[in-house]
Each structure stands twice: as C-alpha cells, then as structure tokens.
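Work through the exercises below with the structure open beside you, and try each task before you read its solution.

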Amino acid sequence: MRCLHCGTWAFKLLCPVCQKQLLTPKPSQRVLLNGLKVNSFFAYDDIAFLLHAKHKVYGSFIFELLAKHSFEIFAKTFHFPEKILAVPIDDRIKDGYSHTAILAKALKSDSIKPRYKALQATTSYSYSGQSLAFRKSHPRRFVCKLPKNSKVILVDDLITSGQTLLEASELLKKFQITPLFALTLANANLN
Ligand SMILES: [Zn+2]
C-alpha cells in the first residue's frame, strides 16, 4: 500500500518517515470555562488528513495507530492512588467501530479502566463546521450511566469549541462524579 501522507510504498498506513514526523505528540492544554483541563496530543492540522479518513474501511486502524502513539504512552506514565474510569464521549458504533472507544481502550492500565457506553448522546447533530452559537443551542443531551462518586477521564477525538466536553463534564458533576480532566487526540483551536 501507499503511505497516506507522502504516497511512497509502505508496509503500514504511514511510512516510517511520516510516522516519525506526524506521530510525535505535540501536547497542548486548554482550560474550559468550568475549569476542566483538556489535554491534547496532536495539533489538528498535522493529523487532519488521518481523521478525515475515519469513515473509510481502515478507519479503525488509523485510530489504533494514533492511540498507540498518544493515549497508550500517557497511560503507561500515569498513576493514581485509586482506580479511575476512562469514559469515551458518545461511543456509538459507526462504520463498524467507535473511534472514541478505541482511544479509551488504549488507556487501560493498573490505574485506568475503560468504561464503554456510559455517556451517550441522545441527539445526533453534526457539530462539524458549525458555529459556537449552533453548538450551544443544540446540546448533545447525554445520558450518564456511571456509578456515583466515580472519578473519570473524559475521552474524545477532537476539541474544537470545547462545548461537548463542557456539557459532558457539567452533567457528571450533577451525578456526583468527578471529571479529573479530559484527553483528546487533537486540538483544533490552538489560539
Ligand atoms: Zn510517508
């Protein structure tokens, strides 16, 4: 097959040169209005072409590759005195897999346990390309199936306006659940 980035022949989705260049994390952090810290591993522009391929047949392989170079490394160095839950945002299966579930799975460690299908949206608006006003007036309306008093890491593929993570974290607090922080693959708004 050809490298998805440069087009040279490669045995994997990305050739070794592109893999090194693109999959070396560039961490960034944003703090949402309610104080939730959102840590991202990549700049959106660097991996946008990979994220756009998420609905192709090899979409799950792309997310596994990205997760291996980000979430999995994070989990190896993260320790916490009690077990915490990694909760993928709206991990409904689409095109045969859930991209946020793949990311949460990569966090599995002695301290972190993935908890699937615990925070699903009941609306299905596409936020892609929409304004903040649209996002605010069309909430995801999550249903929370997490145990009370649990501590969680929220997991999503992308942070753009931060509206989804803001809504999710505010809902958790109503159920006496502590969102410790959020992790996303990419930050689409570095300014
Ligand atoms: Zn390449």
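**Helices lying across the sheet**

In this predicted model, helix α7 (residues 163–174) lies across β2, β7 and β8, and its direction makes an angle of about 165° with that of β7.

**Exercise 1.** Determine which kind of unit β7, α7 and β8 make, and how the two strands are joined.

*Solution.* Begin with the strands: β7 and β8 run parallel and are joined by eight bridges. One pair to look for is L154, which stands opposite A182 in β8. Then add the helix, and you find that β7, α7 and β8 make a right-handed β-α-β unit.

**Exercise 2.** Find the other strand that is joined to β8, and the helix that lies across β2, β7 and β8 at about 75° to β2.

*Solution.* Strand β2 (residues 37–43) runs parallel to β8 (residues 178–187), and five bridges join them. Within this pairing, A43 stands opposite N187 in β8. The helix sought is α2 (residues 44–51). As for burial, β8 is mostly covered, since seven of its ten residues are buried.

**Exercise 3.** Write down the order of the strands in the open sheet, and explain why β1 and β4 each have one side without a neighbour.

*Solution.* The six strands follow the order β1-β2-β8-β7-β3-β4, with mixed pairing. Because β1 (28–31) and β4 (112–114) stand at the edges, each has a single partner strand, and so one side of each is left without a neighbour in the sheet. On average, neighbouring strands of this sheet are turned by 25° against each other, direction ignored.

**Exercise 4.** Which elements have the lowest and the highest mean pLDDT?

*Solution.* Helix α6 (residues 132–137) has the lowest, at 83, and β4 the highest, at 98, while the protein averages 91.

Conventions
Residues are numbered from 1 along each chain as its sequence is written. This is a predicted model: local features need pLDDT of at least 70, side-chain atom pairs count only at pLDDT 80 or more; totals for chains, interfaces and linings use all residues. Two strands pair if DSSP finds at least two bridges between them. Helices (H or I, at least four residues) and strands (E, at least two) are DSSP runs, numbered from the N terminus. Axes are lines fitted to C-alpha atoms, for helices over the stretch in contact, and angles run from 0 to 180 degrees between N-to-C directions. Two residues are in contact if their C-beta atoms, placed from the backbone, lie within 7 Å. pLDDT is the predictor's confidence in each residue, from 0 to 100. A residue is buried if 20 or more other C-beta atoms lie within 10 Å of its own, exposed if 12 or fewer, and partly exposed in between; C-beta atoms are placed from the backbone. A crossover is right-handed if, with the strands pointing away from the viewer, the path from the first strand over the helix to the second runs clockwise.
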